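Biologist: I am new to this model. Please take a close look at one strand residue and lead me from there through its surroundings.

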Amino acid sequence: MESKSDTAEYFLLRPDVEKAYGYSHAVKIGNSIKVSGAVSMDDAGAPMAIGDIEKQMKNCYTDLRKILEHYGCTFDDVVVENIFTTDMAAFLEVAAYRGEIYTNHFPTGTWLGVKELALPEFLIEIELEVHKAD
């Protein structure tokens, strides 16, 4: 018998975009929440802040905050943060901004330099794993 805590709860931040690309932005099972990579896009899926990695990063965190709030969480509940960037040097110049996001502790995670993301205008993508305490 499946308990309520074993039931997957899916969340779509931009339903039309996510359905078009074939993914859910987040899924919660029990106390664990997996959040797909956030990129700097508007509600229609068009890239925003083209050429500005700092603004793109801030846009990612804005979307991630909305997802966390949907589940009653904050960045304090994030246990893993993986960052993918097409320009590691530029990211390292603005990475200190994360200290404004993670004010109590930093999560575990990995920073990866990649050749490209889903669209060529995207410079950064941030995915999360979250643990929501009872």
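**Glu81 and its surroundings**

Modeller: Start with the contacts of Glu81. Leaving aside neighbours within four places in sequence, Glu81 is in contact with Tyr61, Arg98, Tyr102, Pro107, Thr108, Gly109, Thr110, Trp111, Ile126, Glu127 and Leu128. Keep in mind that this is a predicted model. Glu81 sits in strand E4. Is Glu81 buried or exposed? Its relative accessible area is 1%, so Glu81 counts as buried, the limit being under 20%. One distance helps to place the residue. Val35 is 46 residues away from Glu81 along the chain, and their C-alpha atoms are separated by 9.6 Å.

Now follow three of those contacts. Tyr61, Ile126 and Leu128 all touch Glu81. These three, together with Phe75, touch the most other members of the largest nonpolar core. That core has 30 residues. Which elements give two or more residues to this core? They are strand E3 (32-38), helix H2 (53-70), strand E4 (78-85), helix H3 (88-94) and strand E6 (124-131). H2 gives the largest share, with 7 residues. There is a general background to such a core: in soluble globular proteins, nonpolar side chains tend to be buried together.

Take Ile126 next. What does Ile126 touch beyond its neighbours within four places in sequence? Its contacts are Ser36, Gly37, Ala38, Met57, Cys60, Tyr61, Leu64, Glu81, Asn82 and Ile83. Glu81 is on that list, and so are Gly37 and Cys60. Apart from the largest core lies another one. It has 6 residues, among them Val17, Val39, Met41 and Phe122.

From Ile126, step to Gly37. Gly37 is in strand E3. At 15% relative accessible area, Gly37 is buried. Not counting residues up to four places away in sequence, Gly37 touches His25, Glu125, Ile126 and Glu127. Glu127 is also a contact of Glu81. For a contrast in sequence and space, take Glu54. Gly37 and Glu54 are 17 residues apart in sequence, and their C-alpha atoms are 16 Å apart.

Gly37 also leads to the largest pocket. The lining has 16 residues, and those lying nearest the pocket centre are Tyr23, Gly37, Val39, Met41 and Ala118. Two elements give two or more residues to the lining: helix H1 (15-21) and E3. E3 gives the most, with 3 residues. The volume of this pocket is about 190 Å³. What is the make-up of the lining? The residues divide into 9 nonpolar, 4 polar and 3 charged. Val39 and Met41 have appeared already, as members of the 6-residue core.

Return to Ile126 for its other branch, Cys60. Ile126 and Cys60 are in contact. Cys60 is buried, with a relative accessible area of 0%. How many disulfides does the structure hold? The count is 0. Cys60 is in no disulfide, and the nearest cysteine sulfur, that of Cys73, is 19 Å away. A disulfide here needs sulfur atoms within 2.5 Å, so a separation of 19 Å rules out this pair. Cys73 is likewise in no disulfide, its nearest cysteine sulfur being that of Cys60. Cys73 is buried too, at 3% relative accessible area.

Last, look along the chain from E3 towards H2. Gly45 lies in the loop between E3 and H2. Gly45 counts as buried, at 11% relative accessibility. Beyond its neighbours within four places in sequence, Gly45 is in contact with Val17 and Leu119. Val17 belongs to the 6-residue core. Ala49 is found in the loop between E3 and H2 as well. Ala49 has a positive phi, near 55°, in a residue other than glycine. Is Ala49 buried, exposed or partly exposed? At 23% relative accessibility, Ala49 counts as partly exposed.

The path in brief: Glu81 touches Ile126, Ile126 touches Gly37 and Cys60, and Gly37 is one of the residues nearest the centre of the largest pocket.

Note on methods: Residues numbered from 1 in each chain as written. Predicted model: local features only at pLDDT ≥ 70, side-chain atom pairs only at ≥ 80, totals over all residues. Heavy atoms only, no water. Core = buried A, V, L, I, M, F, W, Y, C linked by side-chain atoms within 4.5 Å. Buried < 20%, exposed > 50% of the residue type's maximum accessible area, 1.4 Å probe, protein only. Helix = DSSP H or I, 4+ residues; strand = E, 2+ residues; numbered from the N terminus. Contact = heavy atoms within 4.5 Å. 1 Å grid on protein atoms, 1.4 Å probe; cavity = no way out; pocket = protein on both sides within 12 Å on 5 of 7 lines; lining within 4 Å. Points joined across faces, edges and corners; volume = space filled by probe spheres on them. Nonpolar A, V, L, I, M, F, W, Y, C, P; charged D, E, K, R; others polar.
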